[in-house]
Amino acid sequence: MNIRNVPDTSLELSGEQMQQLVDATTKRIGEFLDTLSEQPAWNDDKAIEIARSLNEPLPETDTPLEPLLDRLFNEVLTVGVNAAGPNYLAYVPGGGVPHAAVADLIASSVNRYIGIWSGAPGLAQLEASVLRWFADIIGYPPEAAGFFTSGGSLSIWSAIVTARCCKLPENFLRGTLYTSDQTHHSVIKAARFAGFPEANVRIVPSDSSFRIQTDVLREQIEHDRRDGWQPFAIVGHAGTTNTGAVDDLDELADIAQAENLWLHHDASYGGFFMLTERGRAVLRGIERADSVTLDPHKSLFMPYGTGCLLVRNSEYLKQAHQLRGDYMTATPTSSEFTDFCDISPELTRNCRGLRAWLPMKLHGIEPFRHNLDEKLDLAGYAACGLRKLNDELDDNLEIVVDPQLTVVAFRLVRSGLSHDELNQLNSDFRERINSTRKVLLTPTLLHGSYAIRICVLCFRTHCETIDTCLQEIRRAMREV
C-alpha cells in the first residue's frame with residue numbers, strides 16, 4: 001500500500017492561525033452588533049439576485065478570508081429579516097445573546113461528543129445541570145429529565161412518541177390526541193411523524209380569549225371513548241404563537257388525571273416567564289404536566305437552534321428512547337449520570353447546553369428575569385398606545401385580545417365592509433406599517449379574521465422601539 005511521503009496538514013490550524021481567523025471574524029461581528037439599531041428590520045432588495053449568486057460549483061481552489069467575509073457581511077447577510085435587531089417584532093423573537101456564540105466556538109473547537117456520558121463526562125454533566133435549572137424554573141421534581149433539541153418541533157415530536165409508548169399498546173392507530181385550534185402546526189406534524197394519521201388529532205375550539213374550551217374537550221374525549229377510540233394525550237399551551245394565550249393549565253391537568261391521559265404543554269414561547277412573578281401567576285399548574293416543551297431561543301434569548309424537552313419522570317423517556325448497539329460503551333454505573341442517547345432520539349451530537357450555560361453563569365439569572373419583566377411591561381405599553389391611537393384618530397382600531405404574555409394582536413374594523421374586505425384591509429394595513437422597514441410585524445388568522453401581531457421579546461427591544469412601532473401604526477392608519 002502506498003502512503004504519501006508528505007502529510008497534508010493544510011486543514012490543521014495552529015493556535016496563532018486560529019486566533020487570526022477569529023480576530024478577523026469578530027471584527028465584522030462587532031461592526032454588525034454595533035449598528036443593529038440602525039439596520040432595517042427587514043430587507044428583500046436584491047434577495048433573489050443574491051440567492052442565485054450562491055448557486056456555485058464545488059470550489060477547487062482556495063479563497064482568501066477577507067473577500068469571503070466581505071461577501072458574507074456585505075451581501076449574504078443583508079437580505080431577509082433582521083431577527084437579531086430590536087425592531088423585529090414578528091413571530092416570536094429572542095434576539096440571540098452573543099455570549100452564546102462564544103460558547104458555540106468553544107464547543108465546536110474542542111469537538112467533544114456527549115451522546116454517551118463517558119465521551120465527555122464534564123460537558124455531559126454541564127448540560128444535564130442546565131436542564132436541571134430549567135426543570136427547577138418550571139417546578140419539576142428531582143426525577144425529571146430532558147434533553148436539548150433544535151427547537152420546539154423536534155421536542156413535541158419526541159413528547160408525542162413518549163406519550164404513545166407510555167399510554168398506548170403496540171398497535172396504536174386508534175389513539176387520539178387533543179389540542180386547541182390555536183395550536184402550532186408542529187403539533188400536527190409531530191403526530192404524523194409519530195405514526196398517527198392527521199385525523200387522529202382532535203382540534204378543540206378556543207374561547208374568546210383563545211384558550212381551549214375545556215368543556216368541549218371533556219365531551220370530545222367521552223365521545224371518542226364511546227366510539228372505540230383510545231384517547232391518550234392532551235397538548236395544552238403556555239403561550240400560543242398567535243396571541244400568547246395560556247390555557248387553563250390546572251384544569252387541563254385535572255382532566256388528564258381523571259382520564260389517565262398524557263399531558264404535554266407547549267411552553268416554547270411562554271415557559272421561561274416562570275422566572276417572573278406575573279408569569280408564575282399566568283402559568284399556574286404547568287408543573288403538573290407530564291412533559292413540557294421549552295425554547296430557550298425564545299424567552300431565554302438564546303440563538304436559534306436552542307430548544308428542549310423536559311419530562312417529569314426520566315423513566316418515561318428511557319421507555320420510549322433507550323436502545324443499545326453492541327458497539328456502544330456501557331452506561332454510567334451511577335444513576336446520578338445519564339447517557340443522553342438513552343433518553344432522546346439522537347446518538348451523535350455535540351454539546352448544545354454550553355450556549356445556555358455560559359451566558360447564565362456570566363450574568364446569573366437576574367438579568368434574564370428583569371428582561372422578561374420589561375417585555376411584559378412593554379406589551380402592556382403597546383396595548384395602551386394602540387388604544388390612545390384609536391381615540392386620537394377616531395378610528396376603529398380593535399385590540400383582539402389583551403396580552404396574556406407579550407403578544408398584542410390588533411386589527412382595523414370598518415363598518416360596511418364584508419369579512420373578506422376587512423381581511424384585505426388589514427393585510428394592506430400591515431404592509432403599510434412595515435413599508436418603511438423600521439419595524440416588522442407579522443399577521444395571523446384568529447377565528448378566521450386577519451389580525452396583526454406585535455410580539456415583544458427580544459432583549460434588545462426597549463421603550464423607544466415600541467414608540468417607533470406606534471408611530472408607524474399611526475402613519476399607516478392615516479394612509480389607509
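1. Which side chains along strand 12 point to one face and are buried, and which point to the other and are not? In this predicted model, the side chains of strand 12 alternate, so that Thr442, Thr444 and Leu446 are buried on one face, whereas Pro443 and Leu445 point to the other face and are not buried.

2. Strand 12 is best read together with its partner, for strand 12 and strand 13 form a hairpin with two residues between them, and the two pair in the antiparallel sense over five bridges. One of these pairings can be followed by eye, since Leu445 has Tyr450 of strand 13 as its bridge partner. In the turn of the hairpin, His447 has a positive phi of about 50°.

3. The hairpin belongs to an open sheet of four strands, in the order 10-11-13-12, with antiparallel pairing. Strand 10 (397-401) and strand 12 (442-446) stand at the edges, and because each has a single partner strand, one side of each is left without a neighbour in the sheet. Neighbouring strands of this sheet are turned by 40° against each other on average, direction ignored.

4. At the other end of the order, strand 10 is joined by four bridges to strand 11 (residues 407-412), and these two strands run antiparallel. Leu397 has Leu412 in strand 11 as its bridge partner. Helix 14 (residues 366-393) packs on the sheet, where it touches strand 10, strand 11 and strand 13 (449-455), and its direction makes about 150° with that of strand 10.

5. Thr436 lies in the loop between helix 15 (419-434) and strand 12. Is Thr436 buried or partly exposed? The relative accessible area of Thr436 is 34%, which makes this residue partly exposed, as the term is used for values between 20% and 50%. Leaving aside its neighbours within four places in sequence, Thr436 is in contact with Glu472 and Arg475. Cys351, by contrast, is 85 residues from Thr436 in sequence and 41 Å from it in space, taken from C-alpha to C-alpha.

6. A second sheet deserves a separate look: it is open, has seven strands in the order 3-9-8-7-6-4-5, and shows mixed pairing. The edges are held by strand 3 (145-149) and strand 5 (201-204), and since each has a single partner strand, one side of each is left without a neighbour in the sheet. From one strand to the next, the twist averages 20°.

7. Within this seven-stranded sheet, strand 8 (residues 291-294) and strand 9 (residues 307-311) run antiparallel and are joined by four bridges. Leu294 stands opposite Cys308 in strand 9. Helix 6 lies across strand 3, strand 4 (175-180), strand 6, strand 7, strand 8 and strand 9, and it runs at about 175° to strand 7.

8. How many cavities of 30 Å³ or more does a search of the whole structure find? The search finds one, and about 30 Å³ of space lies in the largest cavity. Helix 6 (152-167), strand 6 (230-237) and strand 7 (262-267) each supply at least two residues of its lining. The lining residues include Ala159, Ile160, Ala163, Val235 and Trp262, and by class the lining divides into eight nonpolar, one polar and no charged residues.

9. The largest pocket holds about 1200 Å³ of space. Of the 40 residues that line this pocket, the closest to its centre are Ile29, Phe32, Leu33, Phe73 and Leu77. Helix 1 gives the largest share of the lining, eight residues, while helix 1 (15-34), strand 1 (42-43), helix 3 (65-74), strand 2 (80-81) and helix 4 (99-110) each supply at least two. The lining is made up of 23 nonpolar, twelve polar and five charged residues.

10. Finally, helix 13 (residues 354-363) has several buried residues, namely Leu354, Arg355, Ala356, Leu358, Pro359 and Met360. What covers the buried residues of helix 13? The cover includes helix 4, helix 5 (121-138) and helix 14. Helix 13 is followed by Gly364, whose phi is positive, near 75°.

Notes:
Residues numbered from 1 in each chain as written. Predicted model: local features only at pLDDT ≥ 70, side-chain atom pairs only at ≥ 80, totals over all residues. Heavy atoms only, no water. Pairing = 2+ DSSP bridges. Axes fitted to C-alpha atoms, helices over the stretch in contact; angles between N-to-C directions. Contact = heavy atoms within 4.5 Å. 1 Å grid on protein atoms, 1.4 Å probe; cavity = no way out; pocket = protein on both sides within 12 Å on 5 of 7 lines; lining within 4 Å. Points joined across faces, edges and corners; volume = space filled by probe spheres on them. Nonpolar A, V, L, I, M, F, W, Y, C, P; charged D, E, K, R; others polar. Buried < 20%, exposed > 50% of the residue type's maximum accessible area, 1.4 Å probe, protein only.
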